[in-house]
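Me: I am new to this structure and would love a close look at a single part of it, the charged pairs. Could you walk me through them and then show me what else is worth finding?

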Amino acid sequence: MNDPLSQFGTRLAYAASQLPRLAWYAGHEIVLRRLAAKARRPGESARPPVQSSAPVPAQRRIYADMLALLQKDVANIEAGIYPLPNDHDGSLLTRLYRSRLFFADLPAVHRRRERNEFREVLSEKTRRRRPDYYLQNFHFQSGGWMSDDSADRYDTQVEVLFTGTANAMRRQALPQLFELFAGRDQRSLRLVDIGCGTGRFLDAVKQVWPRLPSLGLDLSEAYIRHARRHLRRWARIDLLVANAEAIPAPNNSVDAVTSIFMVHELPPQVRRVVVKECARVLKPGGRLILLDSLQRGDEPAYDGLLERFPQNYHEPYYRSYVDEDFPAIARQHGLTHRRNVKTFVSKVMVFDKFAS
Ligand SMILES: C[S@@+](CC[C@H](N)C(=O)[O-])C[C@H]1O[C@@H](n2cnc3c(N)ncnc32)[C@H](O)[C@@H]1O
């Protein structure tokens, strides 16, 4: 793996798969900005910006950090932690279909953003079936988490937000699993991914450990349906509609629990219940990995961006998330904070359960 020729080959193959992807989503971002500018009628301004003196990173800094993420991704491949990734984005037709869904939803997103409307998914029917905090149009998107169109649109939305780097960020949780699983028979281990959404992280996990018994759970029937379709190439994987506040697994039965881009969407009291639940199902010696947004102070140059984010994308619990003390919550439930690894605008938080 380390001889210069194979290193060159890896980098070439990586560039060939990732650069067109970045360009695809960067192109969406450019069109999105133009449409947003056009959508504002003459004289009409966007909602007043958040008043904040916190710094916002220059575009150059954002590009440099994005590049650092991609370099880390390549370094992990070269170190043998994971293979050259396959993003499984689907055929051109599939991608065009998802782009159409994404662009078609923008006028409705714009209207909700301007009017600050986010409760369309709350009805007498849904109220009985899901917790109240969940029944919101997160990101101002149509259907909230509750429709098939929302599930089919989600990955385009997230990749556009991160200019095509969302999967690369998700992969930064894999070295923490690699360390935990080293030298062990994957068939004897258990992994649970809570709030698995459309299953993109589980796809990355399976590319490294295809025989690892894995469970993905999510409160959305539509997202689980999408994940089942997306992950059908893999064996030893279960996908269930379930609440992360009550993980369907016995005490001390799981080696690793992962959560990607979910905890910032939970109210503070629910975050505590979820961490407690993760601690319950983990075996002694097991590991909890939370991958989510940077928090305030992690990268001071980004603090202003963290303050503005929840205004543009309906993220009702984000402001409490950026100041949340996760090591303290974890400690209360017998989990030790091992480390944080920053990765572009997100970070990986690693907690271990004492092996007593
Ligand atoms: C921002 S998405 C992240 C999805 C995915 N992990 C990813 O990598 O993109 C948040 C997901 O968490 C799910 N979710 C939110 N609250 C949940 C809960 N209490 N239990 C299970 N899933 C939940 C939502 O349905 C949604 O799919």
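**Salt bridges and their surroundings**

Reply: Let us start with a network of salt bridges that links Arg21, Asp73, Asp87, Asp89, Glu159 and Arg171. Please keep in mind that this is a predicted model. Side chains of opposite charge can pair when their charged atoms come close. Across the whole structure, a search finds 36 salt bridges.

Three individual pairs are good ones to follow by eye. In the pair of aspartate 255 and arginine 184, the closest N and O atoms of the salt bridge are 3.2 Å apart. Aspartate 255 belongs to strand S4 (residues 254-260), while arginine 184 sits in the loop between helix H7 (174-181) and strand S1 (191-194), so this pair ties together parts that are 71 residues apart in sequence. How buried or exposed are the two partners? Aspartate 255 has 4% relative accessibility and counts as buried, because buried means under 20%. Arginine 184, with a relative accessible area of 39%, is partly exposed.

Next, find arginine 272 and glutamate 324, whose side chains meet in a salt bridge with an N to O distance of 2.8 Å. Here arginine 272 is in helix H10 (residues 268-281) and glutamate 324 is in the loop between helix H12 (318-321) and helix H13 (326-332), so the pair ties together parts that are 52 residues apart in sequence. Arginine 272 counts as partly exposed at 33% relative accessibility, whereas glutamate 324 is buried at 11%.

For the third pair, look at arginine 296 and aspartate 323: their side chains also form a salt bridge, at 2.8 Å from N to O. This one links distant parts of the chain, with arginine 296 in the loop between strand S5 (282-293) and helix H11 (303-312) and aspartate 323 in the loop between H12 and H13, 27 residues apart. Arginine 296 is partly exposed, having a relative accessible area of 38%, and aspartate 323 is partly exposed too, at 47%.

Now turn to the ligand. A total of 20 residues surround the ligand, and the closest are Tyr134, Tyr154, Gly195, Asp218 and Ile260. Sorted by class, this shell has 13 nonpolar, four polar and three charged residues. Which polar atoms does the ligand meet? One ligand oxygen is 2.8 Å from an N or O atom in the side chain of arginine 170. A ligand nitrogen is 2.7 Å from a polar backbone atom of glycine 195, and a ligand nitrogen is 2.8 Å from a polar backbone atom of isoleucine 260. On its own the ligand has 600 Å² of accessible area, and the protein covers 99% of that.

The surface offers a contrast to look for. Leu92, Leu93 and Leu96 make up a nonpolar patch there, with about 320 Å² of accessible area together. Leucine 92 is in helix H3 (residues 92-115) and is partly exposed, with a relative accessible area of 48%.

Finally, two loop residues deserve a look at their backbone. Threonine 163 has a positive phi of about 50 degrees, although it is not a glycine. You will find threonine 163 in the loop between helix H5 (148-161) and helix H6 (166-171), where it is buried at 13% relative accessible area. Phenylalanine 344, also not a glycine, has a positive phi of about 65 degrees. Its place is the loop between strand S6 (335-343) and strand S7 (346-353), and phenylalanine 344 is buried, with a relative accessible area of 12%.

Methods: Residues are numbered from 1 along each chain as its sequence is written. This is a predicted model: local features need pLDDT of at least 70, side-chain atom pairs count only at pLDDT 80 or more; totals for chains, interfaces and linings use all residues. Side-chain values use heavy atoms; hydrogens and water are left out. A residue is near a molecule or strand if one of its heavy atoms lies within 4 Å of it. A polar contact is a pair of N or O atoms within 3.5 Å; within protein, one must be able to donate a hydrogen and the other to accept it, and residues adjacent in sequence count only if both atoms are side-chain atoms. Accessible areas come from the Shrake-Rupley method with a 1.4 Å probe; for residues, only the protein chains shown count as cover. Ala, Val, Leu, Ile, Met, Phe, Trp, Tyr, Cys and Pro count as nonpolar, Asp, Glu, Lys and Arg as charged, and the others, Gly among them, as polar. A salt bridge is a side-chain nitrogen of Lys or Arg within 4 Å of a carboxyl oxygen of Asp or Glu. Helices (H or I, at least four residues) and strands (E, at least two) are DSSP runs, numbered from the N terminus. Buried means under 20% relative accessible area, exposed over 50%, partly exposed in between (1.4 Å probe, protein chains only). Patches are made of residues with over 30% relative accessible area and no salt bridge: like charges are joined within 9 Å, nonpolar side chains (Val, Leu, Ile, Met, Phe, Trp, Tyr) within 5 Å.
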